[in-house]
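Here is a friendly briefing to read alongside the coordinates. It goes through the sheets, then a pair of helices, then one residue in its setting.

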Amino acid sequence: MTSGAPRGPLPPLVEPGPELSRAEIARYSRHLIIPDVGPTGQRRLRNARVLVTGAGGLGSPVLLYLAAAGVGTLGIVDFDVVDESNLQRQVIHGVADVGRPKVVSAAESIAAIDPDCRVERHETALTADDAVELFGRYDLIVDGTDNFATRYLVNDAAALAHKPYVWGSIFRFTGQVSVFWEDAPDGRGLNYRDLYPQAPPPGLVPSCAEGGVLGVLCASIGSVMGTEAIKLICGIGEPLLGRLMLYDALDMTWRTVRFARDPGRAPITGLIDYDEFCGVDDDAVLAAARRSAVTPVRLKTMLDGAAPPVLIDVREPVEWEIVHLEGARPVPAAGLISGAALGDIPHDGDVILYCKTGVRSAEALAALHRAGLDHVRHLHGGIAAWAREIDPDLPLY
């Protein structure tokens with residue numbers, strides 16, 4: 001990380017659109033009387049095309065506030081459907097939207113705020129096949145995705161499409177925001193790889209689905225991301241280019257650290273296999289998962305037999321409090337992966353690991369196999385699959 005004086009605003013991303021109508025003057029009057037925005041800034045917002053990747057925890061407040069701010073065209077990339085567990089933080093969706101595509105639900109919420117905002121729906125997963133072309137249709141990208149493979153894809157595609165983007169991430173009580181733009185003027189170009197040259201090892205940083213997130217944190221971080229988008233469109237203030245904003249909701253602290261271009265970073269010349277780059281398809285984990293997976297039905301038969309296996313719950317203690325399988329022993333995955341908890345695993349007889357969905361148990365299983373414990377297997381699909389297939393009375397979280 002580096003330190004240094006602020007470097008000021010960047011040129012506006014968007015040219016002003018047509019003169020504002022009488023209705024628009026009334027609607028955006030509180031913007032128009034801000035000298036830094038004014039009618040010209042509002043016309044830039046109305047003429048802007050912004051693509052938001054992900055209509056989830058961060059995408060929800062970003063989309064709602066950019067629509068309310070008067071951004072003329074919002075693109076949404078998301079292939080997921082609304083789940084009941086989303087409603088705790090994804091405020092663009094409601095109870096009636098459960099089971100519906102997120103892009104459809106989000107578009108309807110935007111229309112309720114501003115029917116004149118054009119919404120372009122991209123109900124698909126973002127892939128290396130189309131990301132650069134898709135980004136090229138917009139002025140600015142806002143990245144609200146929740147996995148490292150997609151974050152690196154967004155970064156590289158934005159660089160190749162010569163587009164700036166606003167990035168944010170959240171986990172439990174903490175959040176981060178920054179701005180990346182490889183082609184920024186005055187030699188200020190930076191991208192995500194300058195801050196994070198390599199993805200962390202798989203399993204080291206749990207997803208929100210595995211580790212949790214305070215719902216209201218999304219509003220705090222999403223509002224900063226929306227603010228950065230507006231600043232870039234209008235060319236006002238100092239953007240978070242070359243700065244990482246860090247928020248801790250428990251301490252209620254905001255701090256900003258500066259970072260510079262990584263002198264050893266290679267130029268981005270094309271897109272790659274991002275799952276492989278981030279270790280998502282780790283061969284040892286996949287091999288262990290395939291070779292030693294037990295279905296819920298098979299596990300039920302084993303548990304009802306004369307010599308039932310030992311069940312090891314590798315989730316966090318707080319998840320154990322929510323729900324666990326009868327007779328299981330809690331041994332969090334981190335201790336198994338580090339080797340510190342190897343003594344908690346029986347060295348004879350059948351042992352079955354389980355987690356929420358099978359991801360952490362597969363990673364712990366690979367570590368145990370490397371340690372020579374080949375008699376250990378894991379529950380395919382985790383306790384979520386057990387609840388769906390065996391015991392529907394168990395709560396899902």
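## The eight-stranded sheet and its surroundings

Helix α7, spanning residues 148-161, lies across three strands, β1 (49-53), β4 (140-143) and β5, and runs at about 170 degrees to β5. Please keep in mind that this is a predicted model. The strands that α7 crosses belong to an open sheet of eight strands, and a second open sheet has five strands.

**Layout of the eight-stranded sheet**

- The strand order is β3-β2-β1-β4-β5-β6-β7-β8, and the pairing is mixed.
- At the edges sit β3 (118-122) and β8 (253-258), each of which pairs on one side only.
- On average, neighbouring strands of this sheet are turned by 15 degrees against each other, with direction ignored.
- Strand β6 (residues 174-180) pairs with strand β7 (residues 243-248) in the antiparallel sense, over four bridges.
- If you want a residue pair to find this pairing by, Gln176 has Leu246 in β7 as its bridge partner.

**Ile170, a residue of β5**

- Ile170 is found in strand β5, which covers residues 165-171.
- Is Ile170 buried or exposed? Its relative accessibility is 13%, and buried means under 20%, so Ile170 counts as buried.
- Leaving aside residues up to four places away in sequence, Ile170 touches Leu58, Gly175, Cys208, Val213, Leu217, Cys218 and Ile221.
- For a reference distance towards another part of the chain, take Ala333: Ile170 and Ala333 are 163 residues apart along the chain, and their C-alpha atoms are separated by 22 Å.

**Layout of the five-stranded sheet**

- Here the strands follow the order β9-β13-β12-β10-β11, with parallel pairing.
- The edge strands are β9 (293-294) and β11 (329-330), and each pairs on one side only.
- β13 pairs with β9 in the parallel sense over two bridges, and Ala293 stands opposite His378 in β13.
- β13 (residues 376-379) also pairs with β12 (residues 351-354), again in the parallel sense, over three bridges.
- Two residue pairs help to locate the β12 and β13 pairing: Ile352 has Arg377 as its bridge partner in β13, while Leu353 has His378.
- His378 therefore appears twice in this list, as the residue opposite Ala293 and as the bridge partner of Leu353.**The crossover through α16**

- Helix α16 (residues 359-370) lies across β12 and β13, and runs at about 175 degrees to β13.
- Which way does the chain cross from β12 through α16 to β13? This β-α-β crossover is right-handed.

**How α13 and α17 pack**

- A pair of packed helices is described by the angle between the axes and the distance between them.
- For helix α13 (residues 296-303) and helix α17 (residues 382-389), the angle is about 80 degrees and the axes are 9 Å apart.
- With that angle, α13 is roughly perpendicular to α17.
- On the α13 side, the contact is made by Pro296, Val297, Leu299, Lys300 and Leu303; on the α17 side, by Ala385, Trp386 and Glu389.
- Sorted by class, this contact of α13 with α17 has six nonpolar residues, no polar ones and two charged ones.

How values were computed:
Residues are numbered from 1 along each chain as its sequence is written. This is a predicted model: local features need pLDDT of at least 70, side-chain atom pairs count only at pLDDT 80 or more; totals for chains, interfaces and linings use all residues. Side-chain values use heavy atoms; hydrogens and water are left out. Two strands pair if DSSP finds at least two bridges between them. Contact means heavy atoms within 4.5 Å. Axes are lines fitted to C-alpha atoms, for helices over the stretch in contact, and angles run from 0 to 180 degrees between N-to-C directions. Angles under 35 degrees count as roughly parallel, over 145 as roughly antiparallel, 65 to 115 as roughly perpendicular and the rest as oblique. Ala, Val, Leu, Ile, Met, Phe, Trp, Tyr, Cys and Pro count as nonpolar, Asp, Glu, Lys and Arg as charged, and the others, Gly among them, as polar. Buried means under 20% relative accessible area, exposed over 50%, partly exposed in between (1.4 Å probe, protein chains only). A crossover is right-handed if, with the strands pointing away from the viewer, the path from the first strand over the helix to the second runs clockwise.
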